[in-house]
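Please look through the sequence and the structure shown here. The text after them goes from one part of the fold to the next.

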Amino acid sequence: MGPEGLRAYLEANQLEIEAATMTLGNSGNVESRNQSMSAKSNQVLAALDSICKQKDCFASRLYWYTDFEQAKSAARVQGKPILSLRLLGRLDEDLSCANSRLFRIMLYANEQVSELLRERFVLHWQSVRPVPTVTIDFGDGRKMERTLTGNSIHYVLDSEGRVIDALPGLYGPGAFLRELTRVSSVATKLNGFRTDDERSGELSRYHQLRINELENAWLSDVKRAGLRVAPSREIPKLAGSTPPSAVKAAAAAISKAAMVERPILRGMSDNPKSLDSIGSDAGWLMIAGLHAEDATLDQATRALMAFKDPSLSGVNLQGAIIALERAVAEDTVRNEYLFRARIHAWLASGSGSSDVASLNEKIYSELFLTPSWDAWLGLRPSGAYSGIDDDGVRR
């Protein structure tokens, strides 16, 4: 039934959903939270996730298509552009890639962002490939699960599935809201053109304008930050057919690398010291500080953070919020000035295809450094001897 089915389910189960989430944001431990949620409440939330195709849908109330043709059909009927998320893993599972988990918490749960997505876009997601997971067994019954590597990207597409723009990686809620509002207006304007040539010309002009705006903003930020030397905007390149290491790919996403994946990658890397530089560039940190407001978490996100991890309360919760906002602020400016600037250049010049599948392959290979031909996603470095039978590989 699509979004109408979601609305009907929310209305029919409103009391159970409220009861299941009444502890949202309250301090406490996992046991007390679970005791307050009845078996029926858990079933209601699980069914809601199944309908939305998104984990923790109670916090966002967003409906996602997983069939691209259905999404395009809905976009034609509603006269809206498509926001298509490409990720590692699945959006409706807890252990999707780290960036997509932060999307659910920081962006989709944000009240202003979720309202914009609901009103102006048809939502769709597609898994690029499974996300690598690791389980740390402490040998006494305790286990800890994590995901490794991978990045995500939001594409804005027209109702035919052609690329209008893209937001690579994690953005702060303020920046995400501002950029999607801008691109939504561009999508509406493009609907007024009758021929493909007119549409292509207008889209090329838009991307060239954005390139100029980003360059001016970059020069202004460097000056406002008081930097004598601008931080490097060089993007690492693939070395022929040699797979890039997961450590190099990790630098493409500050939040997940520095806060989530670094401890585990350190134990798997042939060059663990290189991980220490991620998120420690003083120049980028100063520029990120100029845009700190773009990464501010709203109350809905803070409540969801506490709900998902009840051990986070008081000072611990505030510390986690501060660290996350700081990392996301740097992610945002890096994604805008490095990756998105490159994507604008590709789309303005025609070297980036309007076909989302082709452009996605190019971005994952050249920007995210996780090309589809690398079966191990940079997690099996060459020349590093593990001492494990068959290098620990099980098929």
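What follows describes a sheet, the helices beside it, a hairpin, a disulfide and one loop residue.

The model is predicted, not determined by experiment. A convenient place to begin is the open sheet, which has 4 strands in the order β2-β1-β5-β6 and mixed pairing. Its edges are formed by β2 (122-129) and β6 (163-168), each of which pairs on one side only. On average, neighbouring strands of the sheet are turned by 20 degrees against each other, direction ignored. Helix α5 (residues 68-78) packs on this sheet, where it touches β1 (82-88), β2 and β5. The direction of α5 makes about 160 degrees with that of β2.

The pairings can be taken strand by strand. β1 and β2 run parallel and are joined by 7 bridges, with Ser84 standing opposite His124 in β2. Between β1 and β5 there are 5 bridges, and these two strands run antiparallel; here Ile82 stands opposite Leu157 in β5. Strand β5 (residues 153-157) is in turn joined to β6 by 5 bridges, again in an antiparallel arrangement. One of the residues involved is Ile153, whose bridge partner in β6 is Pro168.

Is β1 enclosed or open to the outside? Because 7 of its 7 residues are buried, β1 is largely enclosed by the rest of the structure. Its side chains divide between two directions: Ile82, Ser84, Arg86 and Leu88 point one way, while Leu83, Leu85 and Leu87 point the other way. Both sets are buried, and Arg86 is among them.

Helix α7 (residues 111-120) has a buried side and an exposed one. Val113, Ser114, Leu116 and Leu117 are its buried residues. They lie on the same side of α7, because the arc they cover around the axis is only 160 degrees. The face turned away from that side carries Glu111, Gln112 and Glu119, which are exposed. What do the buried residues of α7 pack against? Their partners are β1, β2, α6 (98-108) and α8 (173-190), so β1 and β2 appear here as well as in the sheet. At the N-terminal end, α7 is capped by Asn110, which has a side-chain oxygen 3.0 Å from the backbone nitrogen of Gln112.A separate pair of strands makes a hairpin. Strand β3 (residues 133-137) and strand β4 (residues 143-147) run antiparallel and are joined by 5 bridges. Thr133 has Thr147 as its bridge partner in β4. There are 5 residues between the two strands, and Gly139 in the turn has a positive phi of about 80 degrees.

Next come the cysteines. A search of the whole structure finds 1 disulfide, formed by Cys52 and Cys57 with their sulfur atoms 1.9 Å apart. The torsion about its S-S bond is about -60 degrees, so the disulfide is left-handed. Cys52 and Cys57 are both buried. Cys97 also counts as buried, because its relative accessibility is 0%.

The last stop is Ser353, in the loop between α14 (314-349) and α15 (356-366). Ser353 counts as partly exposed because its relative accessibility is 30%. Leaving aside residues up to four places away in sequence, Ser353 touches Val163, Leu347, Ser358 and Leu359. Ser353 and Arg162 are 191 residues apart in sequence, yet their C-alpha atoms are 8.9 Å apart in space.

Terms used:
Residues are numbered from 1 along each chain as its sequence is written. This is a predicted model: local features need pLDDT of at least 70, side-chain atom pairs count only at pLDDT 80 or more; totals for chains, interfaces and linings use all residues. Side-chain values use heavy atoms; hydrogens and water are left out. Two strands pair if DSSP finds at least two bridges between them. Axes are lines fitted to C-alpha atoms, for helices over the stretch in contact, and angles run from 0 to 180 degrees between N-to-C directions. Contact means heavy atoms within 4.5 Å. Buried means under 20% relative accessible area, exposed over 50%, partly exposed in between (1.4 Å probe, protein chains only). A disulfide is a pair of cysteine sulfur atoms within 2.5 Å. The arc is that of the directions from the helix axis to the C-beta atoms. A polar contact is a pair of N or O atoms within 3.5 Å; within protein, one must be able to donate a hydrogen and the other to accept it, and residues adjacent in sequence count only if both atoms are side-chain atoms.
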